[in-house]
2 protein chains.
Amino acid sequence: MVHVSSDLLIRNVRPFGAAGVDVLVRDGRIAAVGADLDAPAQTRVEEGGGALLLPGLVEGHTHLDKTMWGLDWYRNEVGPSLIDKIDNEREFRRASGHDAGAQSLALARAFLANGTTRLRTHVDVDTQAGLRHLQGVLHTRALLKDMQQIQVVAFPQSGLLGRPGTAQLLDQSMAAGADVLGGLDPCAIDGDPVRSLDVLFDIAERHEAPIDIHLHEPGAMGAFSLSLILDRAQAHGLRDRVAISHGFCLGDVAPAERDALLARMARLGVALITSAPGSRAVPPLMICRAAGVTMMGGNDGIRDTWNPYGMPDMLERAMLIGLRYNLRRDDELAVALDCVTESGARGCHFTDYGLQPGHRADLVLVDARTPAEAVVARPARRLVVAGGQIVARHGQLQADVPGAPY
Amino acid sequence: MVHVSSDLLIRNVRPFGAAGVDVLVRDGRIAAVGADLDAPAQTRVEEGGGALLLPGLVEGHTHLDKTMWGLDWYRNEVGPSLIDKIDNEREFRRASGHDAGAQSLALARAFLANGTTRLRTHVDVDTQAGLRHLQGVLHTRALLKDMQQIQVVAFPQSGLLGRPGTAQLLDQSMAAGADVLGGLDPCAIDGDPVRSLDVLFDIAERHEAPIDIHLHEPGAMGAFSLSLILDRAQAHGLRDRVAISHGFCLGDVAPAERDALLARMARLGVALITSAPGSRAVPPLMICRAAGVTMMGGNDGIRDTWNPYGMPDMLERAMLIGLRYNLRRDDELAVALDCVTESGARGCHFTDYGLQPGHRADLVLVDARTPAEAVVARPARRLVVAGGQIVARHGQLQADVPGAPY
């Protein structure tokens, strides 16, 4: 039985900056988009005031379980290497009893207040915490399911091979309800790329799960790992089922090697997710898109033991993407926005996405004149509709959204 | 005659996150800092509520005259090269009658609302506009002089040699009240680095003016120009009088050449200003500081025909500096903040700067627990005191600040 909510008519909004229209929402979906729509009886009417209308924003890569959003300030004194950060975090959690359930809910709510209605989060699975973080995030996913679609990636943050039992935990995670299988640097962290990837792809095959691999490895090492991943995506017939997060190597291998990898990725439907860090080589956005590779945006961690930065706001991430790739023209800024809307949904396979009738009614109203202005100015969201319900006004969640306000 | 304003006592603020103190302001200056200060008769008392206390923020490099802050959205369709952007802007201004006076005031006010009490702005001087932009910005400087110290750089945006008469206009600009003489890419724009720099340094000598040169030139070309600049700084005895904006070449020449240039810069007191763009090589912040070169932060242009980005908020710029240089630890974020506070003031030679008694009372209260949190979260400024006056609360200017609200 579908719960039939009352209709909602939003008057006078401008889809991606186009001419003003009305949007009728019924049963959680967009029922009609057009000029001067009639309001059926018992329809709740909202004045859009000529605001820019965007579809719900898409977070392609974050770590809800790691965040200290809303907690005491964490004084970061961590060493510079990847392994320093991994070990520091595991130790911090052991000592602090970090509650991934409460923290993921706090951050997911903040994302929702800023119009993020679809979100992919990596969740740490390791031999110390077991499935504890996963259970917490699955609880958050269940609490918010009517308003925010959360994809949970079971992620071996401490490596897949180094700590015996991790593969079994990933297997259990997929059985427990994770949506996507995660991986991590098969050379640099696991030290045995062939075995690491074989184990990973076997688990994915068993659960018919898509894969999303953190690939921080630079240059030739990263390109080698990426080629091994593509070999397996092909051999396992995983077209459109594999994604690469970061993929820094695509920003610093020679153009000919890069282009050959991008061509294979496009053929296999392997998507790329970037947080567009200013301090690293990054996959070249426009070249990736021209090659036919879907490129989406993600914040990566927000306010955690790794990294003090970040806002649960995909317009701010689009701005950072724009700055990283020197996107200045309005048509270029539309590409930055696309990374956190249409391309984000396509890369994560979020369905029923967009402003067309029939799709899930995830609507974001922004007081901006153009999509480019929305990206550079990032105003508080005037109204957020998620799954057909009004969930936030002026950046503040409505009282009936589950979870405690921070 | 000094205007004697009533005293102001701010209770319970934490300088750079240290233990809570009170701050007494008298005659525009910090009179005392300490625990539980007595309030003299007729003292206005403000509750600081334990807010973080920072000195007024410093903008080391912006272009107040160029901005379209508060105007209609400018649709950017500009070509990729530097010359495309220069020519486009000149043509836009000719067609639009862009009012640099009104625009500079609007943006300077927005900077003030966000706690920027000292600011260096480059102002275009060219054969088409003559001194029109300069006069507008000098008017803004005069209007705000009691609350915001604005240094005006006479800047040959269209080149110094290419358009005959520009050198004379720069000379007139200095006579008309500009504080600093600006320069631009002596190889890439002027095409005759020796003559360009000789003309520039002659004007500076005539007016005993400091110099600030935009140096976008990359790699070997930029290093060559920089060495010519250093030769002249030395020959003219301009110790502590020359600054380099951008200095991208220091981010992509070989370390040995870079270090030799930095050592010369340190000896000559040549400061560096960076906007820390994510899409370019940049001078290495920590290496520059270790070499003894003062490195400060600036937004560069904000919402103009060059660039749609930017906020008149130096905490946001500090965040972008932090992201660009991968500053994650609290002690590293303090360096990002230093670029827009102490180092900014030192590099621009703003005097009477800081939280010590006797200095000009430019105070910024931020609801943040630590300096690092102020940088990453950038909350609206709870209170801004400039030259001893309360000028803004919660990001909103007080009504008596000159200029029309946007």
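These legends walk through several close-up views of a predicted model.

**View 1. Chain A as a whole.**
Start with the overall picture: chain A is built from twelve helices and 16 strands. Its radius of gyration is 21 Å, close to the 22 Å that the globule rule gives for 406 residues, so chain A is as compact as a globular protein of that length. Measured out along the principal axes, its C-alpha trace spans about 65 × 45 × 40 Å. Of the 406 residues in chain A, 56% are buried. Looking at contacts in chain A with a separation of 6 or more, 76% of them link residues 24 or more positions apart.

**View 2. Where chain A touches chain B.**
Each partner chips in here: 24 residues come from chain A and 24 residues from chain B. On the chain A side, the elements that give two or more residues are α9 (314-324), α10 (330-339) and α12 (371-377). Sorted by class, that side of chain A has ten nonpolar, six polar and eight charged residues.

**View 3. Helices α2 and α3 of chain A.**
How do these two helices sit against each other? Helix α2 (residues 100-113) of chain A and helix α3 (residues 132-143) of chain A have axes 7 Å apart and pack at an angle of about 40°. That angle makes α2(A) oblique to α3(A). The crossing of α2(A) past α3(A) is right-handed. From α2(A), the contact uses A:Ala100, A:Gly101, A:Ser104, A:Leu105 and A:Ala108, while α3(A) brings A:Arg132, A:His133, A:Gly136, A:Val137, A:His139, A:Thr140 and A:Leu143. Split by class, the residues of this contact are five nonpolar, six polar and one charged.

**View 4. A:Asp65 in its loop.**
Stay in chain A and look at A:Asp65, in the loop between β5 (57-62) and α1 (82-96). Is A:Asp65 buried or exposed? With 30 other C-beta atoms within 10 Å, A:Asp65 is buried. Leaving out residues up to four places away in sequence, A:Asp65 touches A:Ala100, A:Gln103, A:Ser104, A:Val123, A:Asp124, A:His133, A:Gly136 and A:Val137. Some of these should ring a bell from the previous view: A:Ala100 and A:Ser104 belong to the α2(A) side of the helix contact, and A:His133, A:Gly136 and A:Val137 to the α3(A) side. As for A:Gln103, it is 38 residues from A:Asp65 in sequence, yet the two are 6.3 Å apart in space, C-alpha to C-alpha.

**View 5. Helices α6 and α7 of chain B.**
Over in chain B, the axes of helix α6 (residues 219-235) and helix α7 (residues 255-268) come within 11 Å and cross at roughly 25°. That makes α6(B) roughly parallel to α7(B). Here α6(B) passes α7(B) in a left-handed crossing. On the α6(B) side, the contact is made by B:Ala223, B:Leu226, B:Ser227, B:Leu230, B:Ala233 and B:Gln234, and on the α7(B) side by B:Glu257, B:Leu261, B:Arg264, B:Met265 and B:Leu268. Seven of these contact residues are nonpolar, two polar and two charged.

**View 6. B:Phe201 in helix α5.**
B:Phe201 is part of helix α5 (residues 193-207) of chain B. It has 21 C-beta neighbours inside 10 Å, so B:Phe201 counts as buried. Which residues does B:Phe201 touch, not counting those up to four places away in sequence? They are B:Arg232 and B:His236. B:Arg232 lies 31 residues away along the chain, with 7.3 Å between its C-alpha atom and that of B:Phe201.

**View 7. The buried face of α10 in chain B.**
Within helix α10 (residues 330-339) of chain B, the buried residues are B:Leu333, B:Ala336, B:Leu337, B:Asp338 and B:Cys339. They pack against β12 (295-297), α9 (314-324), α11 (342-348) and α12 (371-377) of chain B.

**View 8. Two loop residues with positive phi.**
A:Gln42 isn't a glycine, but its phi is positive, at about 60°. A:Gln42 is found in the loop between β3 (29-34) and β4 (44-55) of chain A. With 7 other C-beta atoms within 10 Å, A:Gln42 is exposed. In chain B, look at B:Asp36, in the loop between β3 (29-34) and β4 (44-55). B:Asp36 has a positive phi too, near 50°, and is likewise a residue other than glycine. B:Asp36 has 9 C-beta neighbours inside 10 Å and counts as exposed.

Definitions and conventions. Residues numbered from 1 in each chain as written. Chains lettered and ligands numbered in written order. Predicted model: local features only at pLDDT ≥ 70, side-chain atom pairs only at ≥ 80, totals over all residues. Contact = placed C-beta atoms within 7 Å. Helix = DSSP H or I, 4+ residues; strand = E, 2+ residues; numbered from the N terminus. Nonpolar A, V, L, I, M, F, W, Y, C, P; charged D, E, K, R; others polar. Axes fitted to C-alpha atoms, helices over the stretch in contact; angles between N-to-C directions. Parallel < 35°, antiparallel > 145°, perpendicular 65-115°, else oblique. Left-handed = near helix turned anticlockwise from the far one by under 90°. Rg over C-alpha atoms; globule rule 2.2 N^0.38 Å. Buried ≥ 20, exposed ≤ 12 C-beta atoms within 10 Å, placed from the backbone.
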